[in-house]
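User: Hey, can you walk me through this one? I'd like to start with the charged pairs and then see what else there is.

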Amino acid sequence: MPQTLSINGTDVPLPDDPRVSLLDLLRDHLQLAGVKKGCNQGACGACTVLLDGKERILSCMALAVQYEGRKVTSIEGLAANGTLHPLQQAFIDHDGFQCGYCTPGQICSSIGMVEELRRGVPSHVTDDLSAETIAFSREEIQERMSGNLCRCGAYNGIIAAISETHAKAVR
Amino acid sequence: MNPFTYARAADVDDAVQLAAGSQAKYLGGGTNLVDLLRETLERPTALVDVTGLPSAIEERSDGSLLIGAAATNTAVAEHHSVRTRFPMLTRAISAGASAQIRNMATVGGNILQRTRCNYFYDHAGSRCNKRSPGQGCDAIEGANRNHAILGGSPSCVATHPSDMCVALVALGAVVHLQSTRGTRTLPLTDLHRLPETSPDQETFLKPGELITAVEIPALPFASDSTYRKVRDRASYAFALISVAAAIDVKDDIIQDVRLAFGGVAPKPWRAWNAEAALKGKPATLENFCVAAEAELSDASPLRDNGFKVALTNRTMVAVLDALVREKNGGSNP
Amino acid sequence: MSIVQKIGQTVMKKAAELAPDAWLPGGKPDPLIEHRPALIGAPESRLDGPQKVRGEARFAAEYALDGMVYAALFYSNVPKGRIASIDTSAAEASPGVVLVMTHRNAPPMKPMPLFMTQPKATGGNDLPIFQDDEIHWNGQPIALVLAQTQEQADYASSLILATYLAEPSVTSLSAAKAKGTTPGLFQGEPLKLEIGDAEAALLAAPHRVDSVYRTPRHNHNAIELHAATVFWSDDELTVHDASQGVAHTAWSIAQVFDLKEEQVHVKSPFVGGGFGGKTLWAHQILAAAASKLAGLPVRLVLSREGVYRVVGGRTTTEQRVALGAQSDGTFDALIHTGFVAMTAHNALPEPFILPARCTYAAGSFKLDVEVATVDMLANTFMRAPGESVGSFALESAVDELAEQIGIDPIELRIRNEPEKDPTTGRPHSSRNLVEAYRSGAEKFGWGERNSAPRSRQEGEWLVGMGCATATYPYHRMPGGAARMTLSKDGRVHVEIAAHEMGMGTSTAQTQVIAARLGLPMDHVTFAYGESSMPGMVLAGGSQQTASIGSTIIAANRALVTELLKLTSHDSPLHGLDPDDVIGRDGGLCKIDEPERFESYATLLGRTETGELTVEASAPPPLEAQHWSMHSFGAMFCEVRVNSVTGEVRISRFLGSFDCGRIINAKTAASQFQGGIIMGIGLALMEETQFDERNGRIMNPSLAEYHVPVHMDVPEIDILWTDIPDPHAPMGARGVGEIGITGTAAAIANAIYNACGKRVRDLPITLDKLID
């Protein structure tokens with residue numbers, strides 16, 4: 001039985017060469033080029049994908065073989081039946097990108113971030129560490145999204161897109 | 001990356017067996033090791049994946065906390081007991097790297113991460129005693145703004161980059177180790193070596209030894225502890241300097257205090273001298289300054305990093321002052 | 001005068017006679033300025049947004065070709081000398097390796113044509129590539145490995161061993177200055193200007209400031225790594241590139257390989273950020289050469305370190321600014337001189353004096369850029385070359401003078417507002433900086449500022465405000481051309497060899513085309529990003545909007561001319577001149593009699609095919625010869641400086657711009673904000689660190705070269721005057737670069753106001769702010 005991992009719901013075999021990163025597996029081997037390579041050194045966040053639909057990780061620092069049996073979601077797996085994920089639409093509405101290169105990573109990261117907030121994971125700017133719930137503030141989003149660089153400087157639009165999507169979801 | 005084999009360890013015994021007798025490295029979340037492999041700074045022939053090993057965080061009856069070494073940084077930071085009883089650890093971890101990296105990085109891997117010295121990384125163009133023993137160090141007279149002011153040697157002035165470890169050494173954490181030869185424990189303060197004449201030897205771990213857990217002893221006054229990191233941008237940057245602190249004050253007298261610095265030394269730096277200077281003394285700004293001076297008087301700044309001495313001093317004083325003020329409801333005598 | 005200007009001028013006189021237009025005195029302004037359709041300025045979302053958010057936009061490294069192999073580079077580690085030996089045997093024997101290429105086996109190639117030496121030249125330097133054993137900079141690529149996988153190529157490249165015969169080198173600005181300097185030449189003209197005796201006027205002035213400001217090297221750091229995916233079929237080369245100049249790149253590569261321009265096809269529909277860095281460097285050439293040698297398609301993606309080693313950035317500067325003023329603030333002397341580091345085989349002495357040429361009236365001027373030559377990687381254009389770092393020095397000095405005189409810094413600037421261009425004497429086409437200051441100051445709450453430093457503290461944080469002037473010229477380069485096809489169903493397709501690297505080009509231009517032709521946006525398709533398309537439209541100099549805009553005017557005019565020729569007596573448009581009609585509601589009407597209308601369906605019904613294709617070229621850019629055409633902005637910043645640690649946080653920022661008419665309110669705001677954010681990086685954290693002993697870049701990494709992250713960036717408020725420039729297409733002057741100008745000075749000035757420390761060396765890191 002071949003060893004596999006699941007990418008956007010499809011089982012794919014692990015690479016023969018253990019040096020292949022999850023990022024290169026996606027981009028070079030599976031032609032899922034929506035996930036981006038910006039540094040290949042864990043310093044820009046462009047390669048962010050989701051584990052089990054909610055945990056954000058950097059695919060450039062992940063050896064693909066380490067993720068045997070895990071469920072990986074890339075940007076290509078977000079739009080259900082062709083309908084954009086609400087965050088994808090909000091990024092368009094708020095101009096949360098310019099060149100679009102860091103965008104898939106920003107969007108995947110946003111989804112992971114919302115899950116972390118929901119779970120109550122504290123951040124560097126969380127005042128009260130004993131609090132069970134963490135207020136959804138601009139500063140909290142900024143800090144939690146700081147692992148995703150955008151050189152075009154679409155940060156304001158990204159924060160607006162995340163805030164609006166979150167507000168709608170809460171409502 | 002050089003070629004290597006990959007094996008996933010089923011348990012600790014399996015891991016140490018797999019790693020025995022070869023040029024093997026243990027692989028955690030990969031957030032540092034994969035980078036080092038890619039740069040060919042690490043060239044193991046085998047990787048033993050230890051992310052499936054114990055990761056539970058256990059509160060023990062003596063008040064200590066036992067953290068499985070495969071626990072992710074995020075799991076430790078968000079754990080209720082860590083947040084409430086050892087907040088400096090949550091603060092330190094959440095000041096480090098990015099959320100994605102914290103989700104991947106393990107406690108064991110964080111402890112064993114290697115320096116970010118630019119000359120160490122520049123294997124193709126710079127000399128480095130850590131990388132190639134005896135080669136020389138291009139950092140000592142080079143661009144060394146990020147380098148050590150404490151604990152360095154004429155061989156090496158690289159700093160240890162971890163935030164988490166700074167809190168852990170302040171808390172007196174003890175590391176649990178296992179190899180094919182058995183188990184042992186080691187205070188984290190004694191795990192990393194200073195460079196002296198052999199900066200390539202970074203720890204006192206024996207060949208094949210695996211970090212299986214980190215134990216944080218009970219420390220009641222740590223429930224008000226904190227960690228302050230100073231860096232070149234507001235987030236996602238290594239520390240220029242950092243301070244982990246906890247202080248126990250009764251009737252204005254310091255009963256006990258824990259202090260450690262990051263970004264200033266080749267290892268997470270427990271400020272023993274500062275602690276000694278404070279114990280039994282009144283908790284005053286003046287005494288905080290004297291204590292900082294006691295720790296930093298031995299500092300040996302380099303061409304570009306002299307500012308770290310004053311910065312560490314001021315930050316330490318401000319952190320202690322803030323902790324005392326908080327306890328006193330806003331005032332410090 | 002630039003080569004492009006020279007070429008432009010040779011045809012100018014004739015062209016002016018042939019095509020009188022809005023670009024000459026007496027010409028009619030673009031009708032879209034007066035008849036402003038609702039689409040102009042509308043905040044339309046990006047048309048390529050769905051592709052980008054789905055991850056479906058394909059970038060240069062994302063084309064998979066049959067049989068494709070992967071490349072990795074090996075770099076020198078000495079700054080100057082010769083390769084003594086290079087052992088590639090272990091690499092060649094390594095698994096999966098197809099080819100190792102060095103100067104010993106590379107095909108013959110000419111050097112890249114150096115930027116600005118010919119109209120389509122776009123090489124970052126004109127050094128030989130893999131043709132000899134000479135080393136010109138530390139980090140120069142000297143070997144390339146091709147292998148079946150990227151992992152195999154990377155590993156094999158690590159097995160290469162090289163030794164060098166090092167030669168003495170100059171690798172710091174101070175060492176280079178000591179060897180003597182030469183006058184900077186920019187676009188063929190000396191960067192030198194003297195009006196009156198500025199040094200004497202300075203000495204005589206009752207108030208003066210005189211300081212030196214320093215800025216380090218910078219890298220563009222577009223998040224997309226530079227990449228080329230290439231293949232040859234017979235003598236034709238196709239390059240999937242990340243390019244700011246597809247036509248330029250195709251022509252330049254053709255020169256290198258001795259091909260005809262048409263034999264090279266450069267395709268670049270998406271560019272993951274450019275900022276001046278996505279032009280022609282060695283990697284595209286090496287990929288093509290290796291592909292030729294191996295007979296296989298090749299993908300070459302530079303590593304992040306590779307980008308730093310192969311692609312130049314902004315150079316270091318050392319600038320003196322001296323201002324002499326009367327007690328009322330009137331400038332008697334404006335001196336802006338200094339040094340830039342530059343390499344031989346390069347044509348860009350960072351022209352930091354450009355803001356001083358146009359921003360202030362002064363009794364005398366002395367402007368000068370001197371070049372000190374270093375043995376390092378060639379420097380190049382980076383967002384607002386000259387203005388970005390020049391405005392830091394000039395606008396810091398103005399703030400210092402304002403404090404000395406005791407006058408509000410905005411008022412000081414207003415008092416020195418020139419009535420005409422202060423150094424050329426040309427009339428302004430449109431200049432509304434004072435209005436930008438007034439509206440910006442009001443919205444920002446400038447009146448709350450206490451001019452005394454250290455007058456506001458919140459806990460550990462000292463709070464201050466600062467302002468500065470932003471400036472960037474209007475450019476329109478020659479060479480704009482378009483193919484336009486209108487069909488009976490009222491749809492138009494336009495092709496131009498232009499670029500999208502985040503500016504929203506296709507969206508804004510679709511708006512303009514729809515507005516000009518009177519069509520809904522979804523009836524317009526705008527194709528770009530391939531060298532086979534008409535035109536040579538560089539995505540640089542903030543000029544694409546004007547260049548494409550004037551091209552569309554020309555194409556539309558050609559189209560309308562043809563359509564009118566088709567009309568007969570029964571047509572309401574019969575007998576009208578192209579200048580008499582305007583597009584509306586899917587057809588044409590007479591401008592002043594809108595009821596005289598005929599639909600495109602009716603007009604094209606008179607053709608056999610039901611469609612009409614025209615090609616047209618933009619007229620030469622004569623407007624900038626007649627008017628002083630510059631955009632300006634008023635930048636406002638509030639900072640917090642930590643009194644314990646010296647950390648700086650920007651708490652508020654506002655940019656108030658006068659850039660003519662804004663085409664798309666949404667994408668323009670993003671361009672302004674993006675420029676300002678890069679300016680925040682310039683001010684506070686960005687530096688390409690060199691080891692001055694050997695010229696090696698020591699922080700070739702996004703972890704060690706800091707660019708602003710989310711947490712560094714506050715909400716940025718953007719205002720604009722929206723006053724159209726009567727001499728620019730659509731009335732628009734371009735918005736891509738001005739945001740980075742003025743920003744660093746506004747921040748430095750705010751820091752001074754907060755904590756009383758004047759920092760003149762960028763970046764303003766915390767070590768410069770603690771005692």
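**Charged pairs, cysteines and domains**

Analyst: Sure. Over all chains, the structure holds 80 salt bridges. Keep in mind that this is a predicted model.

User: OK, give me one. Which residue does Asp52(A) form a salt bridge with?

Analyst: That's Arg70(A), and the closest N and O atoms are 3.3 Å apart. The two sit 18 residues apart and link distant parts of the chain. Asp52(A) is in the loop between strand 3 (48-51) and strand 4 (55-58) of chain A, while Arg70(A) is in the loop between strand 4 and strand 5 (71-73).

User: Is Asp52(A) buried, exposed or partly exposed?

Analyst: Asp52(A) has 39% relative accessibility, so it counts as partly exposed. Arg70(A) is partly exposed too, with a relative accessible area of 28%.

User: What about Glu460(C) and Arg228(B), how do their side chains meet?

Analyst: They meet in a salt bridge, at 2.7 Å from N to O. Glu460(C) lies in the loop between strand 19 (457-458) and strand 20 (461-473) of chain C, and Arg228(B) lies in strand 9 (residues 226-230) of chain B, so this pair joins two chains.

User: And why does Arg228(B) count as buried?

Analyst: Because its relative accessibility is 19%, and buried means under 20%. Its partner Glu460(C) counts as partly exposed, at 26%.

User: Got another one, from chain C?

Analyst: Yep: Arg606(C) and Glu598(C) form a salt bridge, with 2.7 Å between the closest N and O atoms. Glu598(C) counts as buried at 7% relative accessibility, whereas Arg606(C) is partly exposed at 28%.

User: Which residues do salt bridges with shared partners join into one network?

Analyst: Lys25(B), Glu42(B), Arg114(B), Lys130(B) and Glu202(B).

User: Switching topic: how many disulfides are there over all chains?

Analyst: The count comes to zero. Take Cys47(A): its nearest cysteine sulfur belongs to Cys60(A) and is 3.8 Å away. A disulfide needs the sulfur atoms within 2.5 Å, so Cys47(A) is in no disulfide.

User: Is Cys47(A) buried or exposed?

Analyst: Cys47(A) counts as buried, at 3% relative accessibility. Over in chain C, Cys589(C) is buried as well, with a relative accessible area of 3%.

User: Last thing. What domains does the assignment give for chain B?

Analyst: Domain 1 (5-51) and domain 2 (223-327).

User: How far apart do the C-alpha centres of those two lie?

Analyst: The C-alpha centres of domain 1 and domain 2 of chain B lie 36 Å apart.

Note on methods: Residues numbered from 1 in each chain as written. Chains lettered and ligands numbered in written order. Predicted model: local features only at pLDDT ≥ 70, side-chain atom pairs only at ≥ 80, totals over all residues. Heavy atoms only, no water. Domains from an automatic or database assignment. Salt bridge = Lys/Arg side-chain N within 4 Å of Asp/Glu carboxyl O. Helix = DSSP H or I, 4+ residues; strand = E, 2+ residues; numbered from the N terminus. Buried < 20%, exposed > 50% of the residue type's maximum accessible area, 1.4 Å probe, protein only.
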